[in-house]
Amino acid sequence: MPPDFMVRAALAGIGLAVACAPLGCFVVWRRMAYYGDATAHAALLGVALSLAMSLPLAPAVIAVALAMAAAVGALSGRQSVDTLLGVLAHAALAAGLVAVSFVQGVRSDLSAWLFGDILSVTRGDLVTIWLGAAAVAALIFWRWSRLILATLSPEMAVADRISPRVEQWVLNIALALVVAVGIRIVGALLISAMLIIPAAAARPLSRSPEAMVLAAGLIGSVATLAGLGAAWRLDTPTGPTIVCAAAVLFVVATGVAGAGRALQARP
Amino acid sequence: MTAPLTAPLSAPLIELDNVAVTLGGHAVLRDIDMTVRQGEIVTVVGPNGSGKTTLMRLIIGALAPSAGRITRAAGLRLAYVPQRLAIDPSLPITAGRFMNLPHRRDPGRVAAALTRAGLGGLGSRPVSALSGGQLQRLLLARAMLSEPDLLILDEGAAGLDQPGVAAYYARVEQLRAETGCAVLMVSHDLQVVMRASDHVICLNGHICCEGTPENVSGSAAYRGLFGGGEGALALYRHHHDHVHADGTPCAGHDHGEDAA
Ligand SMILES: Nc1ncnc2c1ncn2[C@@H]1O[C@H](COP(=O)(O)OP(=O)(O)OP(=O)(O)O)[C@@H](O)[C@H]1O
Ligand SMILES: [Mg+2]
């Protein structure tokens, strides 16, 4: 029987995988990878705010992530989104690091916010994580077809009375929730890895958008369990080990799909 | 059932009143007055960069006019076939699933629509694996599933071979006859399209001339814009200094990538 904290860690990681699967697919389909990175980095400013003003963590992180999405939306058009994200993400990360240094006693465990601390997840954290994951899954399930059409062609979506801007905000909100959930588990620097790697690993195994989301969820969960086990045995940092496990699964999935195609092509 | 050719009697679906569009500081469209009525086939022709796609995006509502007013009939149902659909290779989607966006549709109807579009049996093929012509027919078939009042085609036949183009426009006319929907289309295939149209608009940043296909092809402005009825190739011999029907020369505005 594994110790309680390991069970909590596994449940937390699977919760994150569930939240990341549908959102991560859209991040990949819409080429928003850098956007995910930027939002996660900005979340550190939210952490600093919550510590300095003793606000609850999740709402502070969500507020900062949404503020960043609004800033990108307002400023895009004048500069390329890529450049804007680079400016905002690093400004927010740097401001977060500076702000955190003013807060008593946090300096020492800054790495917990950058790389997460899945082994210290409490029962309360678990409730937050699973509520967040359920909210993300429900939000994306609700908007599913509209999101896919807006991703394929914003104009075709408009003709069907779907607003691409509204759908972009649906994804912004989901991203803010995922960052708030993930910052305790894998930390600000590795959240977008959990968004992108399982979805990318799922791509060669999937023939429909729905299958890709399911495969991404499965791969993310397996990576969590494998990473936790490996970190326990090898005494390595847990968050980065989970991401390494996901990367290994990406290589395996790509190889398996390639071998499958080669076998099919053979007469 | 034949489509009403007495256009002035049918109700307007969409009206543009003195509309202008500026994009990135560049006046792309100006002084656009146009109406599309129920059951009408309206064709927009013009050289590359003349603002045809911009006009379509304006009409579907993807773009707001910088001046003027657009009025849509209440409850108007639009369907749009874009000039290009680049599907990101990271998004796996089959032709059959694509037909069910943004709503799940009756599988029997979807299968019938695919068959009528000549795509029977390709429902499980990834959209990215379809040929250019198959993709164009898929887009048209999906557009018709929503039973639109107004079908908007932005160079729907681009990339088709000559029999393919003829078949495509025959299909558009047939759809109009079957459903009574109005069609607004952009085309470079002047000869083919002229025959299928009730109303033709020559666009070059502004409306250079318009009218029935016969009136337009006989007008001085049209000949100035496209040459003396030399067909599609004449489009590329478009000169900057043509003269409008009312005698005003059309020089001085941006003609985009004029290949003359
Ligand atoms: N977002 C934009 N910002 C600035 N200029 C734009 C933008 N979109 C289009 N334009 C310009 O507006 C003009 C009209 O473009 P549009 O795509 O409507 O032409 P078109 O008639 O559809 O051409 P084609 O025959 O090549 O499809 C072009 O000069 C184009 O460069
Ligand atoms: Mg165009």
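A residue is taken as buried when its relative accessible area is under 20%. By that criterion, buried residues account for 51% of the 267 residues in chain A of this predicted model.

Chain A is a good place to start. Its secondary structure consists of 11 helices and 0 strands, so that, read from the N terminus, the order of elements is α-α-α-α-α-α-α-α-α-α-α. The radius of gyration of chain A is 19 Å, close to the 18 Å expected from the globule rule for 267 residues, and the chain is therefore as compact as a globular protein of that length. Along the principal axes, the C-alpha atoms of chain A occupy a box of roughly 65 × 50 × 30 Å. Contacts in chain A reach well along the sequence: of those between residues at least 6 apart, 74% connect residues at least 24 apart.

Ala48(A) offers a closer look at this chain. The residue belongs to helix α2 (residues 33-52) of chain A and has a relative accessibility of 2%; because this is under 20%, Ala48(A) counts as buried. Leaving aside residues up to four places away in sequence, Ala48(A) is in contact with Gly96(A), Ala99(A), Val100(A) and Val103(A). Ala253(A), by comparison, lies 205 residues from Ala48(A) along the chain, and their C-alpha atoms are 38 Å apart.

Attention now turns to the nonpolar cores. The largest of them has 158 residues, and the members touching the most others are Leu16(B), Met34(B), Leu55(B), Leu138(B), Leu150(B) and Leu184(B). Helix α1 (residues 4-29) of chain A nevertheless supplies the largest share of this core, with 14 residues. Around Leu184(B), and again not counting residues up to four places away in sequence, the contacts are Met34(B), Val36(B), Val42(B), Val44(B), Met56(B), Ile59(B), Leu150(B), Leu151(B), Ile152(B) and Leu153(B). Another core, of 10 residues, lies apart from the largest one and includes Val45(B), Cys202(B), Val216(B) and Tyr222(B).

Chain B also provides a helix pair to examine. The axes of helix α4 (residues 132-145) and helix α5 (residues 162-179) of chain B come within 12 Å and cross at roughly 5°. Since this angle is under 35 degrees, α4(B) is roughly parallel to α5(B). On the α4(B) side the contact involves Gln136(B), Leu140(B) and Met144(B), while α5(B) contributes Tyr168(B), Arg171(B), Val172(B), Leu175(B) and Thr179(B). By residue type, the contact of α4(B) with α5(B) comprises 5 nonpolar, 2 polar and 1 charged.

Key. Residues are numbered from 1 along each chain as its sequence is written. Chains are lettered from A and ligands numbered from 1 in the order in which they are written. This is a predicted model: local features need pLDDT of at least 70, side-chain atom pairs count only at pLDDT 80 or more; totals for chains, interfaces and linings use all residues. Side-chain values use heavy atoms; hydrogens and water are left out. A nonpolar core is a set of buried Ala, Val, Leu, Ile, Met, Phe, Trp, Tyr and Cys residues joined through side-chain atoms within 4.5 Å. Buried means under 20% relative accessible area, exposed over 50%, partly exposed in between (1.4 Å probe, protein chains only). Helices (H or I, at least four residues) and strands (E, at least two) are DSSP runs, numbered from the N terminus. Contact means heavy atoms within 4.5 Å. Axes are lines fitted to C-alpha atoms, for helices over the stretch in contact, and angles run from 0 to 180 degrees between N-to-C directions. Angles under 35 degrees count as roughly parallel, over 145 as roughly antiparallel, 65 to 115 as roughly perpendicular and the rest as oblique. Ala, Val, Leu, Ile, Met, Phe, Trp, Tyr, Cys and Pro count as nonpolar, Asp, Glu, Lys and Arg as charged, and the others, Gly among them, as polar. The radius of gyration is taken over C-alpha atoms; the globule rule is 2.2 Å times the number of residues to the power 0.38.
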